[in-house]
Amino acid sequence: MVLAMILAAVALWGAVAASRRVFRLEERVKALEQPRPYPLGEQMGYLQRYIEKLYFAGQAQNWELADFYARELDETVEDIMSAKVVKEGVEVSKLMTTMLPPAEQGLQEAVQARDPELFQTRYGALVDTCNACHQEAKHGFMNITIPDRPSVTNQSFAPERGTGGGL
Ligand code: HEC
């Protein structure tokens with residue numbers, strides 16, 4: 001009798017533990033199924049990096065490199081536009097679609113034309129557009145400027161081939 005009760009208690013305990021495990025697993029599956037928030041801040045960081053490098057490539061009249069960064073910029077912009085991002089009530093992807101492409105295309109034209117003066121004005125217009133959207137998107141404190149020196153020191157923006165001095 002006592003043995004039967006002990007066995008029943010052990011079986012019950014086992015069942016409770018198993019159902020707890022199942023519950024925990026279900027919670028983890030649910031968490032994994034949640035859509036991940038779009039990494040908008042990270043993507044903005046890429047925009048910042050690409051336009052910085054684009055600037056120095058243009059300054060050095062290294063148009064091939066400038067074209068490379070213009071394309072990288074475009075890919076990131078495309079990604080943000082198609083991601084349907086709404087953040088704190090701001091329709092970021094929609095805003096991006098209406099605001100950025102004209103300024104971006106303007107700069108691409110200057111790169112294709114290999115025109116340093118046009119590049120300078122179109123670049124300024126792009127930076128102004130970044131900031132106009134930050135105003136519009138409740139991030140008016142985020143101010144992009146024309147860079148005065150590259151933030152990386154291990155890349156040359158000049159058209160000449162770089163060297164590590166080892167070969
Ligand atoms: C569609 C509107 C919009 C446009 C256009 C836009 N931004 Fe942003 N930007 C935002 C929003 C919204 C945030 C805040 C993101 C967050 O909440 O993480 C932001 C944040 C940032 C940040 C902060 C993230 C960080 O890594 O420090 C930087 C830098 C930035 N943007 C750069 C740019 C640059 C450069 C451009 C132009 C090439 C640009 N943005 C164009 C809306 C925009």
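Into which domains is the protein divided? There are two entries to know: domain 1 covers 1-34, and domain 2 covers 40-136. The model is predicted. Their centres, taken over C-alpha atoms, lie 55 Å apart.

**Helix 4 against helix 5**

- Two packed helices are described by the angle between their axes and the distance between the axes.
- Helix 4 spans residues 92-113, and helix 5 spans residues 116-136.
- Their axes come within 8 Å and cross at roughly 170 degrees.
- Angles over 145 degrees count as roughly antiparallel, so helix 4 is roughly antiparallel to helix 5.
- The crossing of this pair is left-handed.
- On the helix 4 side, the contact is made by L95, M99, L100, A103, E104, G106, L107, A110, V111 and A113.
- On the helix 5 side, the contact is made by L118, F119, R122, Y123, A125, L126, T129, A132, C133 and E136.
- By class, this contact has 15 nonpolar, two polar and three charged residues.

**Around the ligand**

- The ligand has 21 residues around it.
- G41, M44, G45, C130 and C133 come nearest.
- Helix 2 (40-59), helix 4 and helix 5 each supply at least two residues of this shell.
- Which helix gives the most to the shell? Helix 2 does, with seven residues.
- The shell residues divide into 15 nonpolar, five polar and one charged.

**One residue, two roles**

- C133 of helix 5 takes part in the contact with helix 4, and C133 is also among the residues that come nearest to the ligand.

Technical notes
Residues are numbered from 1 along each chain as its sequence is written. This is a predicted model: local features need pLDDT of at least 70, side-chain atom pairs count only at pLDDT 80 or more; totals for chains, interfaces and linings use all residues. Axes are lines fitted to C-alpha atoms, for helices over the stretch in contact, and angles run from 0 to 180 degrees between N-to-C directions. Helices (H or I, at least four residues) and strands (E, at least two) are DSSP runs, numbered from the N terminus. Angles under 35 degrees count as roughly parallel, over 145 as roughly antiparallel, 65 to 115 as roughly perpendicular and the rest as oblique. A crossing is left-handed if the near helix is turned anticlockwise from the far one by less than a right angle, and right-handed if clockwise. Two residues are in contact if their C-beta atoms, placed from the backbone, lie within 7 Å. Ala, Val, Leu, Ile, Met, Phe, Trp, Tyr, Cys and Pro count as nonpolar, Asp, Glu, Lys and Arg as charged, and the others, Gly among them, as polar. Domain bounds come from an automatic or database domain assignment. A residue is near a molecule or strand if its C-beta atom, placed from the backbone, lies within 6 Å of it.
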